[in-house]
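Biologist: Hey, can you walk me through this one? I'd like to get my bearings before I go back to the bench.
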Amino acid sequence: MSEVKVERKPEEFTHNEYEAGFVTDIETDTLPPGLDENVIRHISAKKDEPEWLLNWRLEAFRHWQTMTEPHWAHVNYPPIDYQAISYYSVPKSQEDGPKSLDEVDPKLLETYEKLGIPLREQEFLAGVAVDAVFDSVSVATTFKGKLKDAGVIFCPISEAVRDYPELVQQYLGTVVPGGDNYYAALNSAVFTDGSFVFIPKGVRCPMELSTYFRINALNTGQFERTLIIAEEGSYVSYLEGCTAPQRDENQLHAAVVELVALDDAQIKYSTVQNWYPGDENGVGGIYNFVTKRADCRGARSKVSWTQVETGSAITWKYPSCVLRGDDSVGEFYSVALTKMRQEADTGTKMIHIGKNTKSTIVSKGISAGRGQQSYRGLVRIAKSAEGARNFTQCDSLLIGDNCGAHTFPYVEVKNSTATMEHEATTSKIGEDQLFYCQSRGISEEDAVNMIVNGFCKDVFNELPMEFAVEANRLMEVSLEGAVG
Amino acid sequence: MSASLQQVRETAWQAFEQQGLPTTRDEDWKYTDLSRISALLGEQWWQTVEQGELDVTAADIPELDAWRMVFINGHFDSETSELPAGITVTALSALIQDDPDRSVELLEFEPDAPLSSGMTAANSALAIDGACICVSDNTKLDKPLYIQYVSNGGTSHLRTGIQLGKHAEIEVIEHFVGHHAESGLTNHVTAIRLAAGASCTHYRLQLEAAKQCHAGRVEVNQLADSSYTLHAVELGGLLSRSDVINRLNASGASCHLNGLFVLASRQHADHHTRIEHNAPHCKSRENYRAVLDGRSHGVFNGKIVVAEGAVKTDSAQSNANLLLSSNAEIDTKPELEIYNDDVKCAHGVTVGQLDKNQLFYLTTRGISEEEAKQMLTFAFADEILAKMENKAVRRFIEKEAFSKLPNITDLEGMLA
Amino acid sequence: MLKIENLHASVGGKAILKGINLEIGTGEVHAIMGPNGSGKSTLSNIIAGRDGYEVTQGSITYKGKDLLAMNPEERAWEGVFLAFQYPVEIPGVNNTYLLKAGVNAKRTHQELEELDAMDFLKIVKEKAKLVELDQSFLSRGVNEGFSGGEKKRNEIFQMAVLEPSLALLDETDSGLDIDALRIVANGVNHLRSEERSVVMVTHYQRLLDYIQPDVVHVLADGKILKTGDKSLALELEERGYDWVREEAAA
């Protein structure tokens, strides 16, 4: 068994490790750093928002000022100076909001093409509609027309505020309230863009919807807000991807995602998160502090979260399901990889309220280099949740003797008819597994990739095809050099 | 009292006055509200009180052949005690008189120790008695040492130290008992040190009176190839919280923690355990089960920490819970903190009902569903008790545990 | 003893049994044979009263009573016994205690006096010998840590102790080596009597070499397709099941 190597030369990283690390040179309209009520008024005015939304933002902001940053997560980072961040940055050419694709700045189109996300519809993978968010603004949304024919609304949230204010007002903040937690409150105050999805009653969304988030400008934070509403009996599959340039400064990404599923509705939400992770010394990288929550309001509704988390310097993220409707179902499938000096504290909450609600949690954590990873989860079965069931499988794989893997599962059960089962294992890649592969002529690095992919298979199987391929590739790139 | 002991007491008292009791806002105390202690016992809840004599033999474990040490309301009772020769067993109260420096060592308060709280500080400041046991190298105590802590209310702070030399061996049965109707508090700390190759089997049987509050702490430090086995049983008291800190500090050390809660009415029991793998080639096994009836509330938090360099760690933890009543509650959190890759760690938690296939099987043998449920409940809990090698203790606990569950009708039959 | 009429049953909405008619006389030994998935185990589970099967049509009459109206323990008291295909392990429940509770529940039902511990132990020891079950198994948890063969022997041992009127053996021969098969068969043969009926569910003929059936039925696609004497079993062994299907279809 050869020894496990963690150190690599910095220049190797620039080429292999993070392919999305380039900067787009584009003129921007960026607010100077700092946060006060004027900044919020400015953002709201720029977006031509109605009075109620401005007030909602201000209320969240005032609440945020009374809150303290949470420090219970198993992560370490220097204090964040919230006054050193710019809360609004928009490419000049996009200042007037999203236009038709023909008018989108070619530089932006080029950026997305480089990332493998062609925005010209004829070039794009059939069957996937894309909303592209660049810093604080949505720059393009494809297939809007086709979706509209099916009754589906898919647009930037700022556009939804303008065109469908009643819908936004009815649902915004009903899953994650303005003062929910520190980062959610900050997001509610300053969110700039994000996607809005509305699937009307009985409609099966005819294509996959996806949003691609890109942070580009220096010293800005990205605060997007996504709201997905699935009415009775509808179905939607939504994907999101994220990248950012390679910089020595840390950048903050504090998003909020709210999902509402009514009776018999199904939402499948998949994420491939590949924000810049920083370098091997822990310099730079995105702080990814995200609040994602689904409200399974309706009977027999179902929400399924699938995430592949390979990027970010720090991840703090717990996509959750509130299982309110009787017989509603929540699922969480996660693969998280921490390497170099990445730290992730991630998991889920399943709150069982309705009768015969069911949840499944499958979490696969891989820790390499000096990475530190924690699974943090909560399964709460309320007294009302007669017959509730949960199954949790939580496995960690360790590569190298300087990394860490931690598990903090909270289980709270108040109903005697409930069944919950939690299993967790932690192990390293088996020497015998490696040896077996090698004796069949497979290189050690390939063998590690094969074993890791096998380890993640249960989760990758949940991803839509295009993303599964992407996820596999990301894991490979990320693990390159983890074993020498 | 020597100056240094005085200092230890004062430092601890100051720490207590500063910290007070932990609250449910502290992560480690999230599910256990200690304000009930001050509410139950009044503002000066921490004050020790001396109360009358008790018939201690009434509380004995039948057919247990053992040396005995008895503490009544926090004070050593030499009359009912029968101490072994050959090893050093003294009461802390005597040690404070005769060898204050050694008592300092035992009573010192470490504010940074894991799960240390105002309760631990109060114990450092106020404990005036307890058992001090020293077993020298290569010595094995011929019979178990049975320590009875009997209370009839009031507050007792007790501190017990067990120190085993190389390859020494002991079986200690700590039994907390009372039959009084008033509320009271037992605040007890056991500190155990095991030298290389030493072996300690420790029964900790909490059968306090119905309104008693119980705070326990067991701190174990283990050296190479030593082995420690704990059988922790929570049956009595109204509010009980115990912390077990087990450090595997040298290669080859192993520990087995077995725990059983059988709770009914409004009982609340909380166990926080922390096993630290601080050296390579150590092994830990932990099995906790709870059977909760009535409006009882069980809390289990089991943390396994594997330090950097603790390679070839082998650790397994399991926690299973059975809710018999729709008003019972369990909060459980099995935690792993692992800082090295050469480990084998697993944990599992279940909360649920009796196995349907097993129920069906039993009914096809002509057993009524109700009785089948009783049998399976008994079997569920008895899996933990089956790990007890001391048959007298096991039988005693089986009877005490299952007589609490009103539905078990043929206990004698199941035990036969 | 047992009369099944036009029995239709389904699991999770899927029809498994599609009109079973079967009559088993007192003292008779019947074998039900059929390919995998034909509904054999479903039939024995329904007779024993397992949850999760929906009887959509038909009836089962046992000693003149409506069997389907009884819960599993009542059936056991009335003398129905199922030897499980996969006997479940029940750690912590003592094998002897289980039997004693079962025997005494049945005796109470029959308004007989409960057996005392001594009498019971005598019976148990005697029956354990019959299936060559080591005494040590008596005090262990039910099937806990038993090998496949030991579990099957334990089933026959329990049957011997409970002395049923109708014994159903669900694939009791599967997974047994030749010695274990012989022991199990001896146990069953020993229990054969004029008051007792036995139904063996199997898909191999080999058990029938040891326990000679009076009647052989072929169950396939949820129906009894053919009934014959023991020579039918041999024919099945030789020709498989397809010809029975074809014959039935014709």
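Modeller: Sure. One term to start with: helices and strands here are DSSP runs, at least four residues for a helix and at least two for a strand. Also keep in mind that this is a predicted model.

Biologist: Fine. What does UniProt place at residues 153–380 of chain B?
Modeller: An unreviewed UniProt entry puts the feature "domain: SUF system FeS cluster assembly SufBD core" there. Over that stretch, chain B is 61% strand and 9% helix. The C-alpha atoms at its two ends are 33 Å apart.

Biologist: And how is chain B divided into domains?
Modeller: Domain 1 of chain B covers 3–352, and domain 2 of chain B covers 355–416. Taken over C-alpha atoms, their centres are separated by 27 Å.

Biologist: How many residues are in contact between those two domains of chain B?
Modeller: On the domain 1 side it's 23 residues, touching 16 residues of domain 2. The elements giving two or more residues to the domain 1 side are strands E7, E9, E11, E13 and E15 of chain B.

Biologist: Which of them gives the most?
Modeller: That's E13(B), with four residues. By class, the domain 1 side has 15 nonpolar, four polar and four charged residues.

Biologist: Switching topic to helices. At what angle do H6 and H7 of chain B pack?
Modeller: About 125°, with the axes 9 Å apart. H6 of chain B is residues 356–364, and H7 of chain B is residues 369–385. H6(B) and H7(B) are therefore oblique to each other. The crossing of H6(B) past H7(B) is right-handed.

Biologist: Which residues make that contact?
Modeller: From H6(B), you've got Gln358(B), Leu359(B), Leu362(B) and Thr363(B). From H7(B), there's Glu369(B), Ala372(B), Lys373(B), Met375(B) and Leu376(B). Sorted by class, that contact has five nonpolar, two polar and two charged residues.

Biologist: OK, now chain C. How many residues of chain B are in contact with it?
Modeller: 22 residues of chain B, and they meet 22 residues of chain C.

Biologist: Which elements of chain B give two or more residues there?
Modeller: Our two helices turn up again: H6 and H7 of chain B, along with helix H9 (411–415) of chain B. H7(B) gives the most, with eight residues.

Biologist: And what's the mix by class on that side of chain B?
Modeller: Ten nonpolar, seven polar and five charged residues on the side of chain B that touches chain C.

How values were computed. Residues numbered from 1 in each chain as written. Chains lettered and ligands numbered in written order. Predicted model: local features only at pLDDT ≥ 70, side-chain atom pairs only at ≥ 80, totals over all residues. Axes fitted to C-alpha atoms, helices over the stretch in contact; angles between N-to-C directions. Parallel < 35°, antiparallel > 145°, perpendicular 65-115°, else oblique. Left-handed = near helix turned anticlockwise from the far one by under 90°. Contact = placed C-beta atoms within 7 Å. Nonpolar A, V, L, I, M, F, W, Y, C, P; charged D, E, K, R; others polar. UniProt positions renumbered as here; feature names shortened; annotations may be inferred. Domains from an automatic or database assignment.
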